[in-house]
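Please open the model in your viewer and keep the sequence panel beside it. The stops below each begin with a selection and then say what is found there.

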Amino acid sequence: MRERALTMAAVCAAAVLGVTAMAPVAGAAPVAVGEKAVGEKAVGAVTATGKAPGAKSAGAQDADFNGDGYPDFATGAHTATVGAVKRAGVVTVAYGSAEGLKLSSASIISQATPGVPGDPVDDGKWREVGSFGDMDGDGYDDLVLNWAERFMVLWGSADGITGAGTAIPVGKTSAAPTTLLGGTVGVGDVNGDGVDDFVTRGHDGLTYGLSVRLGPMNRTTGTSAGAWFRNTGKLDKQSTSAVYVGDLTGDGVDDVTVGGGVVLGNGKPGALVLKGTATGLVKGGTFTGLHWYDTSYPSAFGDLNKDGYQDLVTGHADQNKVYVIYGGPNGLSDTVKHRSYSQASTGVPGIEEAGDKFGSAVAMGDTDQDGYDDVIIGASYETASDPATTSQSGAFTVLRGSATGITTTGAVTFTQNSKSVPSTSENEDHFGAAAAVLDSDKDGSPEVYVGGNGEDGYKGRVWTFPTGPTGVTATGSTSFHLGTLGGLTSGGNFGYRIAG
């Protein structure tokens with residue numbers, strides 16, 4: 001879910017299907033991680049768990065901030081005006097219900113909200129909707145914000161996210177003798193005690209590696225119940241630049257994938273899985289092929305091949321590529337190779353061009369009701385049609401899951417110029433900057449949410465796409481913005497980061 005660079009790719013609208021069909025490059029197949037692709041030049045969900053508050057299983061990816069069993073949806077608007085303070089930033093939360101997201105009663109939180117640490121400041125851009133989980137063990141998911149190597153938790157409650165918040169100490173504490181570095185953050189239960197933990201990069205003053213702040217977190221001080229630090233360079237011959245938290249081993253305890261670091265000793269980019277246990281992280285499978293330094297790229301977990309193990313997809317927009325890592329007993333599948341996909345891969349719509357930012361967003365969920373999770377991939381700098389009027393307007397692509405993992409059969413791409421999609425593709429809309437999949441009304445058909453932070457002169461907007469047995473459809477798609485939720489419409493970048 002990142003922005004940058006110019007795109008000049010050509011995309012043709014297919015009005016009959018209501019999608020954009022972009023011609024694949026013949027003969028360019030997906031490649032195993034570590035191999036070079038032909039023509040090579042980075043928090044989605046399926047359905048609500050249905051469990052009572054406090055009973056969230058490892059890997060569950062639906063945010064439920066008010067504990068009513070319906071998934072909720074958080075969006076950042078980091079340049080929104082707060083009172084007279086320009087570009088101070090807000091965070092919004094819309095709550096799920098039997099009728100879907102209740103936009104009219106969404107929470108709009110800023111640093112002017114009572115209970116939130118700090119005060120709004122000009123250009124503060126308080127924004128980064130990072131992750132979520134039950135950080136204090138009270139049965140309600142909490143929202144983690146991450147910006148400029150600072151972290152904050154907005155606490156969930158029976159009334160949802162109301163403004164109660166706590167800054168997470170970055171420096172050393174009595175319970176955590178390491179300093180947090182930030183970049184990507186992960187939230188999950190890595191020690192299996194039923195309370196979610198906070199994971200990011202860190203150092204102990206001498207060495208750099210992986211820091212885990214163990215829950216429950218104190219709502220007053222932000223301190224953790226305990227901490228782990230792993231010197232990944234010494235123990236694993238791996239530097240740490242990105243972390244992804246999810247249950248790849250299928251044992252009910254979340255694991256940590258340390259991605260993007262250079263494998264020490266051979267200089268090759270690679271990653272490893274650290275298996276979560278009650279007493280610490282245990283080294284699992286290793287592999288090569290991820291970008292050598294990727295502290296802030298998007299990721300999503302889901303079961304692509306329905307084998308009972310979660311799989312990890314990471315987006316690398318600077319490479320115009322996504323990587324797919326299949327889970328297994330040791331954290332990595334013994335039967336399905338890890339793959340990378342780009343618009344140069346056979347069957348993937350589009351023509352790969354520098355600056356498209358394919359992989360600027362990733363999300364996972366079963367969008368066609370076949371039992372296999374599918375992947376939503378944003379390309380927020382894609383050109384929809386005319387380079388003069390739709391440069392960097394953006395697009396998103398759907399790749400389906402199957403018994404063998406991701407398949408490009410039936411892949412489709414949508415832009416704002418696709419039939420029935422609200423608005424039209426325009427320069428710098430950045431449609432596809434963020435994505436999520438969640439079933440906000442629990443009817444068995446999740447919705448796909450796509451952010452476009454450049455829409456309407458960078459006020460920003462989020463689009464909602466229905467799904468069904470035939471997959472994602474633009475028919476019945478809608479959109480909303482900060483004003484829809486009752487917020488100020490001066491500035492925004494609404495939809496730059498989303499979580500649900």
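Begin by selecting Arg219 and Asp136, whose side chains meet in a salt bridge with an N to O distance of 3.0 Å. Arg219 sits in the loop between β14 (208-214) and β15 (226-230), while Asp136 sits in the loop between β7 and β8 (142-147), so the pair ties together parts that are 83 residues apart in sequence. Bear in mind throughout that this is a predicted model.

Colour these two residues by accessibility, and the two ends of the bridge fall into separate classes: Arg219 is partly exposed at a relative accessible area of 35%, whereas Asp136, at 14%, counts as buried, because the cut-off for buried is under 20%. Now add Asp138 to the selection, since Asp136, Asp138 and Arg219 are linked in a network of salt bridges.

How many salt bridges does the count come to? The count comes to eight, and two further examples are worth a stop.

For the next one, select Asp123 and Arg87, where the side chains form a salt bridge at 2.4 Å, taken from N to O. Asp123 belongs to the loop between β6 and β7 (129-133) and Arg87 to the loop between β4 (73-77) and β5 (90-95), so this contact joins parts that are 36 residues apart in sequence. Asp123 has a relative accessibility of 43% and therefore counts as partly exposed, and Arg87, with 34%, is partly exposed as well.

Then move to Asp368 and Arg400, a salt bridge with an N to O distance of 3.1 Å. Asp368 lies in the loop between β24 (358-365) and β25 (374-379), but Arg400 lies in strand β26 (residues 395-400), so the pair ties together parts that are 32 residues apart in sequence. Is Asp368 buried or exposed? With a relative accessible area of 9%, Asp368 is buried, while Arg400 at 29% is partly exposed.

Leave the charged pairs and select strand β6 (residues 102-109), which contains Ser107. The relative accessibility of Ser107 is 13%, so this residue counts as buried. Which backbone atom does the side chain of Ser107 reach? The partner is the backbone oxygen of Ile161, at 3.0 Å. To display the surroundings, add Val91, Thr92, Val93, Tyr95 and Ile161, the residues that Ser107 touches when those up to four places away in sequence are not counted.

The next selection is an open sheet of four strands, in the order β28-β29-β30-β33 and with antiparallel pairing. Its edge strands are β28 (431-438) and β33 (478-480), each of which pairs on one side only. If you draw strand axes, neighbouring strands of this sheet are turned by 25° against each other on average, with direction ignored. Strands of a sheet pair through backbone hydrogen bonds, either parallel or antiparallel.

Within this sheet, zoom in on β28 and strand β29 (residues 447-452), which run antiparallel and are joined by six bridges. At one place along this pairing, Phe431 stands opposite Gly452 in β29.

Finally, clear the selection and return to the whole protein, which has three helices and 34 strands. Of its 500 residues, 62% count as buried. Its accessible surface comes to about 16,800 Å², and carbon and sulfur atoms account for 53% of that area.

Technical notes
Residues are numbered from 1 along each chain as its sequence is written. This is a predicted model: local features need pLDDT of at least 70, side-chain atom pairs count only at pLDDT 80 or more; totals for chains, interfaces and linings use all residues. Side-chain values use heavy atoms; hydrogens and water are left out. Helices (H or I, at least four residues) and strands (E, at least two) are DSSP runs, numbered from the N terminus. Buried means under 20% relative accessible area, exposed over 50%, partly exposed in between (1.4 Å probe, protein chains only). Accessible areas come from the Shrake-Rupley method with a 1.4 Å probe; for residues, only the protein chains shown count as cover. A polar contact is a pair of N or O atoms within 3.5 Å; within protein, one must be able to donate a hydrogen and the other to accept it, and residues adjacent in sequence count only if both atoms are side-chain atoms. Contact means heavy atoms within 4.5 Å. Two strands pair if DSSP finds at least two bridges between them. Axes are lines fitted to C-alpha atoms, for helices over the stretch in contact, and angles run from 0 to 180 degrees between N-to-C directions. A salt bridge is a side-chain nitrogen of Lys or Arg within 4 Å of a carboxyl oxygen of Asp or Glu.
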